[in-house]
Amino acid sequence: MPKLLLTLLTLTAMISNTPANASGQSRRQRADRVDLLILGGTVVTMDSGRRVLADAGIAVKDGRIVAIDSRAAIRSRYSAPQTVNAQGKLLGPGLINGHTHIPMVLFRGLADDLDLQEWLTKYIFPAEAKNVTEEFVRVGTRLGLAEMIRGGTTTYCDMYYFENAIAEETEKAGVRGVLGETVIDFPVADNKTFAEALAYVERFVSRWKNNELIVPAIAPHAPYTVSEEHLKAARALSDRTGAPIVTHISETKREVDDSVKAKGASPVNYLERIGFLNEKVIAAHMVWPQDGETEILKRRHVGVVHNPQSNMKLASGVSPVPRMMQEGLLVGLGTDGAASNNDLSMWEEMDTAAKLHKVFTNDPKVISAEQAFALATIHGAEALHLEKEIGSLEVGKRADIVIIERDSLHQIPLYNIYSDLVYATKSTDVETVIINGRVVMRNRRLLTLNESAIKISARTFRERIAHSLSLPSTP
Ligand SMILES: [Zn+2]
């Protein structure tokens with residue numbers, strides 16, 4: 001060993017062995033107190049410059065990112081009661097699942113390989129009519145939340161029934177949600193009339209309005225299941241309360257054809273005509289926008305959520321996502337309910353989105369890995385109209401952060417971070433998840449949910465559901 005190096009090593013050893021470390025003491029006294037430090041690792045910021053920072057550090061206070069810098073700079077400037085060591089790992093913004101029906105995880109695999117109409121009317125609607133209770137919703141939500149946290153999803157946009165129970169479970173688990181109570185023109189589990197449903201939404205919105213994690217929303221199911229009068233009432237409630245509107249638009253060709261026949265206009269044109277569209281609307285699917293409709297969506301700042309796996313599974317079609325992105329629409333990504341996916345993995349969804357559009361357009365350059373990652377992060381935030389708060393790792397934003405192991409066989413070797421994230425990383429590679437500054441999973445251990453209890457209650461429900469539909473018991 002060269003003599004100089006040996007001297008340096010000895011000197012370093014002497015310094016770190018200094019008892020009580022007097023210089024460290026004064027450094028800590030000078031440092032700003034924050035709540036949490038994440039030290040080391042490569043940060044994929046997804047900011048406007050798409051900066052990627054090696055050997056970085058992040059300081060978090062009151063649920064927000066207060067500094068991102070080199071690990072050394074963060075260590076010397078800040079101190080915190082809690083530190084997460086992320087050396088050798090990747091850090092990215094929490095993933096945003098732009099469209100789910102979270103309790104439907106309990107219908108995962110109940111009926112597959114069918115088109116939307118048959119799947120909905122013959123299986124899902126009857127199964128819901130017989131089984132959806134507040135308890136069903138709580139059990140399903142806990143299962144879905146655990147799956148999402150394990151997969152690095154920190155925000156989801158939901159529409160279902162008993163959404164108040166979903167909000168309570170979501171807040172307890174420490175997950176962020178834009179949660180919409182579904183209103184639809186037939187009696188459902190929690191509300192028997194539209195007027196009851198609207199009154200429920202009103203109470204729901206006022207209860208959760210200023211919550212740090214929950215954004216309460218109103219969710220008219222679709223323009224073909226909710227009348228014009230009721231769509232206008234939903235819009236009026238949104239105007240009055242500021243609550244977003246979550247809905248499904250133009251999911252199938254049949255929906256478009258029926259709309260033209262019944263209303264004399266395709267769905268987006270119809271919704272524009274009745275004054276429904278604005279910057280509060282989050283529209284899932286948009287598989288079949290007609291001529292001129294994307295221009296309307298852009299002008300009205302409607303958020304659009306692409307659900308490639310659900311659209312593929314139900315053979316609904318391929319949404320023109322590359323064109324909508326080029327035109328500057330706000331496009332995010334979602335899984336849809338697990339009954340039509342059949343999981344809640346945003347890693348799979350990114351991978352599928354990138355590949356589906358390549359094969360569909362015959363152009364491998366049509367969506368890059370970086371663009372696919374943006375769909376699940378910053379673009380996802382834009383589609384939910386939350387881009388000022390989440391979607392990228394930047395000072396001032398909410399501290400929604402995932403830490404990803406990069407040591408799995410399928411991640412080795414690493415040449416390009418976005419390729420690795422989109423085409424190779426899986427939910428099982430997510431190691432630690434932080435939402436609003438709170439660590440909700442650490443070293444793959446869920447800290448806010450009881451995983452084994454969740455599995456037991458979900459399996460119990462499986463038997464109840466099977467019995468209600470005269471299906472055989474667990475194979
Ligand atoms: Zn849906």
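In this predicted model, R142 counts as partly exposed, at 26% relative accessibility. R142 forms a salt bridge with E169, and the closest N and O atoms of the pair are 3.1 Å apart. This contact links distant parts of the chain, for R142 belongs to helix α5 and E169 to helix α6 (residues 163-173), 27 residues apart. E169, by contrast, is buried, with a relative accessible area of 4%. Through shared partners, salt bridges join E134, R138, R142, E168, E169, K172 and R207 into one network.

Within that network, E134 pairs with R138 at a closest N to O separation of 2.8 Å. Both residues lie in helix α5 (residues 134-150), four residues apart, or about one turn of the helix. E134 is partly exposed at 36% relative accessibility, whereas R138 is buried at 17%, because the limit for a buried residue is under 20%.

The structure holds 33 salt bridges. One of them pairs D55 with R71, with the closest N and O atoms 2.7 Å apart. D55 is located in the loop between β4 (52-53) and β5 (56-61) and R71 in helix α3 (residues 71-77), so this pair ties together parts that are 16 residues apart in sequence. D55 is partly exposed, at 38%, and R71 is also partly exposed, at 24%.

A zinc ion has as its protein donors H99 (NE2), H101 (NE2), H248 (NE2) and D336 (OD), at 2.0 to 2.5 Å. Along the chain, these donors follow the spacing H-x1-H-x146-H-x87-D. The arrangement is irregular because the four donor atoms subtend angles of 84 to 175° around the zinc ion. Among the donors, H99 is buried, with a relative accessible area of 1%, and H101 is buried at 9%.

Conventions: Residues are numbered from 1 along each chain as its sequence is written. This is a predicted model: local features need pLDDT of at least 70, side-chain atom pairs count only at pLDDT 80 or more; totals for chains, interfaces and linings use all residues. Side-chain values use heavy atoms; hydrogens and water are left out. Donors are N, O and S atoms within 2.8 Å of the metal (3.2 Å for Na, K and Ca); water is not among the atoms, so sites may look incomplete. Four donors count as tetrahedral if all angles lie between 85 and 135 degrees; four count as square planar and six as octahedral if opposite donors are over 155 degrees apart and all others between 65 and 115; anything else is irregular. Buried means under 20% relative accessible area, exposed over 50%, partly exposed in between (1.4 Å probe, protein chains only). A salt bridge is a side-chain nitrogen of Lys or Arg within 4 Å of a carboxyl oxygen of Asp or Glu. Helices (H or I, at least four residues) and strands (E, at least two) are DSSP runs, numbered from the N terminus.
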